[in-house]
Amino acid sequence: MEWIKVFAPATIGNIGPGFDVLGLAVKNLGDIVEARKIAKGVVISEIISDMPLSADPHKNTAGIAASEVLRILNIDGGVELKIKKGMPSGSGLGSSAASACAAAFATNYLYGGQLNKDELILPATRAEEFVSGDFFADNTAPCLLGGATLTRSCLPLDVTKIGSISKLIIILVTPKITVLTKDARDILPETVPLKSFVFNMANSCLITAAFAKDDYSLFARSLNDEIIEPARAKLIQGFDQVKQNALRAGADGMAISGSGPTLFAITDDIHKARFIEDAMVRTFQNNGIECQSLITEVEDEGTVLIEENKK
Ligand code: HSE
């Protein structure tokens, strides 16, 4: 049987105050999944990754997403998967979502492409739920659809693709710190002051408008979070200093990507982007923490087929 190859991008989810609601796909980072039909079941025959990951299809998001798609399609066939991780797991860049989306897309494609990308969000998110313990689509939705997305409701799933910001330059900095999504969720306050709720809602709405209108300056004004960021910042050593130095270097905003530890800063000026990247990386290094960094932009296509008829 012939192999196909699918790419699924890294994602920022949440975008600042839009906790579990707003997500964004980014360029030049993501997972590749190769897939082919087999007679029955789901087999993961290869994983290329910096970190050990389970090849048990019941424990790996790619395997779970592929099984979910086969179940939805009611097909008595199977799929073999090879996974090439393009980003570190547990980095807050939607690593598990990317594998899930690529595998869901590939399985659907191999069996006739009956489901559209919107319909693949549910099986991919069910796979994500296995590793995160919670059901949220702010990584899977932008990963599949590209651009920025808004999840109104998870069950039933109601997701809207909002749009993109062409001038947006994103500086991603991933410190070598472990932050488990579960821990980063457990630390969140159960109740919030009405004032903070209104603040976060206003900023989230403005972010939605910014991506709908392709308006960078609107986004630059609205990357503010009074609720989630202060709680999670404690899990990232040096967070306040890194943010201060990113802003001093010219960033128009900085926030935690997903549940962290990756941080993302924004600008519309590529020269400033290099200064910002340098300031953030050096601040972490001064705190004894090594990092990976990348200057990137919005990925508008989402999950895509990159090769077929591969022998
Ligand atoms: N929206 C989720 C969170 C994403 O912030 O907990 C986790 O990657």
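Student: Ala, Val, Leu, Ile, Met, Phe, Trp, Tyr, Cys and Pro count as nonpolar, Asp, Glu, Lys and Arg as charged, and the others, Gly among them, as polar. How many residues of each kind are in the shell around the ligand?

Tutor: That shell has 6 polar, 4 charged and 2 nonpolar residues. Heads up, this is a predicted model, where local features need pLDDT of at least 70, side-chain atom pairs need 80 or more, and totals for chains, interfaces and linings use all residues. Numbering starts from 1 along each chain as its sequence is written, and side-chain values use heavy atoms, leaving out hydrogens and water.

Student: Ok, which residues surround the ligand?

Tutor: Going by a heavy atom within 4 Å, they are Gly-13, Asn-14, Phe-19, Asp-20, Phe-136, Asp-138, Asn-139, Thr-181, Arg-185, Arg-232, Gly-258 and Ser-259.

Student: Where do they come from, domain-wise?

Tutor: Domain 1 (3-164 + 299-310) and domain 2 (169-297) each supply at least three residues of the shell.

Student: What about Asn-14, which ligand atom does its side chain reach?

Tutor: An N or O atom in the Asn-14 side chain is 2.7 Å from a nitrogen atom of the ligand, and a polar contact is a pair of N or O atoms within 3.5 Å.

Student: And how far is Arg-232 from the ligand's oxygen?

Tutor: A polar side-chain atom of Arg-232 is 2.8 Å from a ligand oxygen atom. For Asn-139, a polar side-chain atom lies 3.3 Å from an oxygen atom of the ligand.

Student: New topic: how much of the ligand's area does the protein bury?

Tutor: The protein buries 96% of the 260 Å² that the ligand exposes when taken alone, using the Shrake-Rupley method with a 1.4 Å probe.

Terms used
Polar contact = N/O pair within 3.5 Å; in protein donor to acceptor, adjacent residues only side chain to side chain. Domains from an automatic or database assignment.
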